[in-house]
Amino acid sequence: MYLPKNCAQIAIEALYRAGTRGVEGVALFAGVREGNTFTITQTIIPLQKAGSVEDGLIYVVSGEELERIGLELYDNGLQLFAQIHSHPGAAYHSETDDAFPIVTVLGGVSIVVPNFAMGGVKISEWAIYRLLPNTGWTEINGKQKEKLFVINDDIPAPKQVSVKWYKFWLWL
Ligand SMILES: [Zn+2]
């Protein structure tokens, strides 16, 4: 799964901002799939509510908002691959995280970022889980994490750029 650095940074900044208000944040990664290659092209920051409950912090994204995002992704030919959310302290998939994921597709990824995302884009600090058929949300360890997510610096140039250039060239 290819994760462009700027897509990761948009997510981390949103989680960090939530953290400055003392709450957890959540973001989503969507992109395109070609065979077994998943390329993230978009970070979505859903409208969300967050606060504290008896046993900790919680974030909530409404059903309407999820439906809106689903339609928008469908219209743009994108698929939801991963969710990423922050914890105030240690990164792990809580019972709530297991029970109420936004990403529900098998093979989907859920990332938990520790310390309100103060560590920036640092995969080694993140807890990363995949939804597997037999074991449910299953933690990916050590080097497997860096195999699962390849951070790349360059996002491919949008198609429109080359189209404009081509038209211009023809016109000349
Ligand atoms: Zn959590």
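These questions and answers walk through a predicted model of one chain.

Student: How many helices and strands does the chain have?
Tutor: Start with the whole chain. Of its 172 residues, 26% count as buried. Its secondary structure comprises five helices and ten strands.

Student: What share of the contacts with a separation of 6 or more joins residues 24 or more positions apart?
Tutor: Take the contacts in the chain with a separation of 6 or more. Those between residues 24 or more positions apart make up 59%.

Student: Which element supplies the largest share of the largest nonpolar core?
Tutor: This core has 33 residues, and A11, L15, A27 and F29 touch the most other members. Elements giving at least two residues each include β2 (26-34), β3 (37-44) and β6 (79-86). The largest share is seven residues, and it comes from α1.

Student: Where do the buried residues of α1 lie around its axis, on the same side or on opposite sides?
Tutor: The buried residues of α1 are C7, A8, A11, I12, A14, L15 and A18. They cover an arc of only 155° around the axis. A general rule helps here: an α-helix has 3.6 residues a turn, so residues three or four places apart point the same way. The arc therefore puts the buried residues on the same side of α1.

Student: Which residues does A11 touch, not counting those up to four places away in sequence?
Tutor: A11 is one of the buried residues of α1. It is also among the core residues that touch the most other members. Beyond its sequence neighbours, A11 touches A27, T43 and I84.

Student: How far apart are the end C-alpha atoms of helix α2?
Tutor: Helix α2 covers residues 63-75, which is 13 residues. At 1.5 Å a residue, α2 should span 18 Å. The model agrees: the end C-alpha atoms are 18 Å apart.

Student: How many of the residues of α2 are buried?
Tutor: Buried means 20 or more other C-beta atoms within 10 Å. Helix α2 lies largely in the open, because the number of its 13 residues that pass this test is zero.

Student: Which residue just after α2 takes a positive phi?
Tutor: A similar feature follows α1, where G22 has a positive phi of about 80°. Just after α2, the value is about 65°, and the residue is G77.

Student: Is Q79 exposed or partly exposed?
Tutor: Q79 lies in strand β6. Exposed would need 12 or fewer C-beta neighbours, and buried 20 or more. Q79 has 14 inside 10 Å, so it counts as partly exposed.

Student: How far apart in space are Q79 and I40, C-alpha to C-alpha?
Tutor: Leaving out residues up to four places away, Q79 touches A30, G31, R33 and L73. In sequence, Q79 and I40 are 39 residues apart. In space, their C-alpha atoms are separated by 9.0 Å.

Student: Which residues is P46 in contact with, leaving aside neighbours within four places in sequence?
Tutor: P46 sits in the loop between β3 and β4. It is partly exposed, because 19 other C-beta atoms lie within 10 Å. Its contacts are V26, L28, V61, E65 and I69.

Student: Which residue in β5 stands opposite K49?
Tutor: β4 and β5 form a hairpin with two residues between them. They pair in the antiparallel sense over five bridges. Strand β4 lies largely in the open, because the number buried among its five residues is zero. Opposite K49, in β5, stands V60.

Notes: Residues are numbered from 1 along each chain as its sequence is written. This is a predicted model: local features need pLDDT of at least 70, side-chain atom pairs count only at pLDDT 80 or more; totals for chains, interfaces and linings use all residues. A nonpolar core is a set of buried Ala, Val, Leu, Ile, Met, Phe, Trp, Tyr and Cys residues joined through C-beta atoms within 7 Å. Helices (H or I, at least four residues) and strands (E, at least two) are DSSP runs, numbered from the N terminus. Two residues are in contact if their C-beta atoms, placed from the backbone, lie within 7 Å. The expected span of a helix is 1.5 Å times one less than its number of residues. Two strands pair if DSSP finds at least two bridges between them. The arc is that of the directions from the helix axis to the C-beta atoms.
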